[in-house]
Amino acid sequence: MKLLLKAFRNGLGSLIALVSRLIPVKKVRRDAQAQTIADKKAANIELYQFFACPFCIMSRRVIRGLNIKIVTRDAQTQGGRYREELLKEGGKVQVPCLKITENGQVSWMYESAVIKDYLEKEFG
């Protein structure tokens, strides 16, 4: 039964992710110089996520809408490199999570609403 529920949840999550990808997002438009600045700033941010997690899907839509390139890390695989890194360095396996590196300091930001607010403030 537990395996069946997990399969259902993953299937439903994948369907939601697909539908989300098909629905267009209005993207922020910047001139070339402003986009270069945004891309440089975003290069120091990584999104740790599960592909089918609804909160991760929402975070990815925010990233697409803000027209920034943020590397995503799959933290779903048990024993996987990014899951272990999230646990060891971030303190817990909770997604979505932003890893923000500034001036050699790393901070971990959890909660999709907090992530959304941060990204909109920094890139909106």
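In which helix is Leu-4 found? Select residues 2–22, which form helix α1, and Leu-4 will be found among them; helices here are DSSP runs of H or I with at least four residues, strands are runs of E with at least two, and both are numbered from the N terminus. Before going further, keep in mind that this is a predicted model, in which local features need pLDDT of at least 70 and side-chain atom pairs count only at pLDDT 80 or more, while totals for chains, interfaces and linings use all residues. Residues are numbered from 1 along each chain as its sequence is written, and side-chain values use heavy atoms, with hydrogens and water left out.

**Confidence and the N-terminal helix**

Colour the model by pLDDT, the predictor's confidence in each residue on a scale from 0 to 100. The protein averages 89, and 91% of the residues score at least 70. Among the elements, α1 has the lowest mean pLDDT, 69, whereas strand β1 (residues 45–49) has the highest, 97. Staying with α1, show the side chain of Leu-4, which counts as exposed because its relative accessibility is 59% (buried means under 20% relative accessible area, exposed over 50%, and partly exposed in between, with a 1.4 Å probe and protein chains only). Adding Met-1 and Leu-5 to the selection completes a nonpolar surface patch of about 390 Å².

**Strand β1 and its neighbours**

Next, select residues 45–49, where five of the five residues of β1 are buried. Ile-45, Leu-47 and Gln-49 point one way from the strand, and Glu-46 and Tyr-48 point the other way. In a regular strand the side chains alternate between the two faces of the sheet.

Extend the selection to strand β3 (residues 97–102), which runs antiparallel to β1 and is joined to it by four bridges; strands are taken to pair if DSSP finds at least two bridges between them. Then add strand β2 (residues 71–74), which is parallel to β1 and is likewise joined to it by four bridges. In β2, look for Asp-74, the bridge partner of Gln-49, and in β3 look for Lys-99, which stands opposite Glu-46.

**Salt bridges around the strands**

Show the charged side chains next: the whole structure holds six salt bridges, each defined as a side-chain nitrogen of Lys or Arg within 4 Å of a carboxyl oxygen of Asp or Glu. Glu-46 forms one of them with Arg-73, the closest N and O atoms being 2.8 Å apart. This pair links distant parts of the chain, with Glu-46 in β1 and Arg-73 in β2, 27 residues apart. Glu-46 counts as buried at 16% relative accessibility, while Arg-73 counts as partly exposed at 22%.

What does Lys-99 meet in a salt bridge? The partner is Glu-85, at 3.1 Å from N to O. Glu-85 lies in helix α4 (residues 81–90) and Lys-99 in β3, so the pair ties together parts that are 14 residues apart in sequence. Glu-85 is buried at 13% relative accessibility, and Lys-99 is buried with a relative accessible area of 11%.

**From α2 to α5**

Move to Glu-122 and Lys-41, whose side chains meet in a salt bridge of 2.3 Å, N to O. The pair links distant parts of the chain, 81 residues apart, with Glu-122 in helix α5 (residues 112–123) and Lys-41 in helix α2 (residues 32–42). Glu-122 is partly exposed at 24%, and so is Lys-41 at 35%. Add Lys-121 to see a network of salt bridges that links Lys-41, Lys-121 and Glu-122.

Then select Val-62 in helix α3 (residues 54–65), which counts as buried at 12% relative accessibility. Leaving aside residues up to four places away in sequence, Val-62 touches Lys-116 and Leu-119, where contact means heavy atoms within 4.5 Å.

**Backbone stops in the loops**

Finish with the backbone, beginning at the cis peptide bond that joins Val-95 and Pro-96, with omega about -5°; Pro-96 is placed in the loop between α4 and β3. In the loop between β3 and β4 (105–110), select Asn-103, whose phi is near 50°, a positive value in a residue other than glycine. Asn-103 is exposed, with a relative accessible area of 81%. The last stop is Glu-111, in the loop between β4 and α5, with a positive phi near 80° and a relative accessibility of 45%, which counts as partly exposed.

Terms used:
Patches are made of residues with over 30% relative accessible area and no salt bridge: like charges are joined within 9 Å, nonpolar side chains (Val, Leu, Ile, Met, Phe, Trp, Tyr) within 5 Å. Accessible areas come from the Shrake-Rupley method with a 1.4 Å probe; for residues, only the protein chains shown count as cover.
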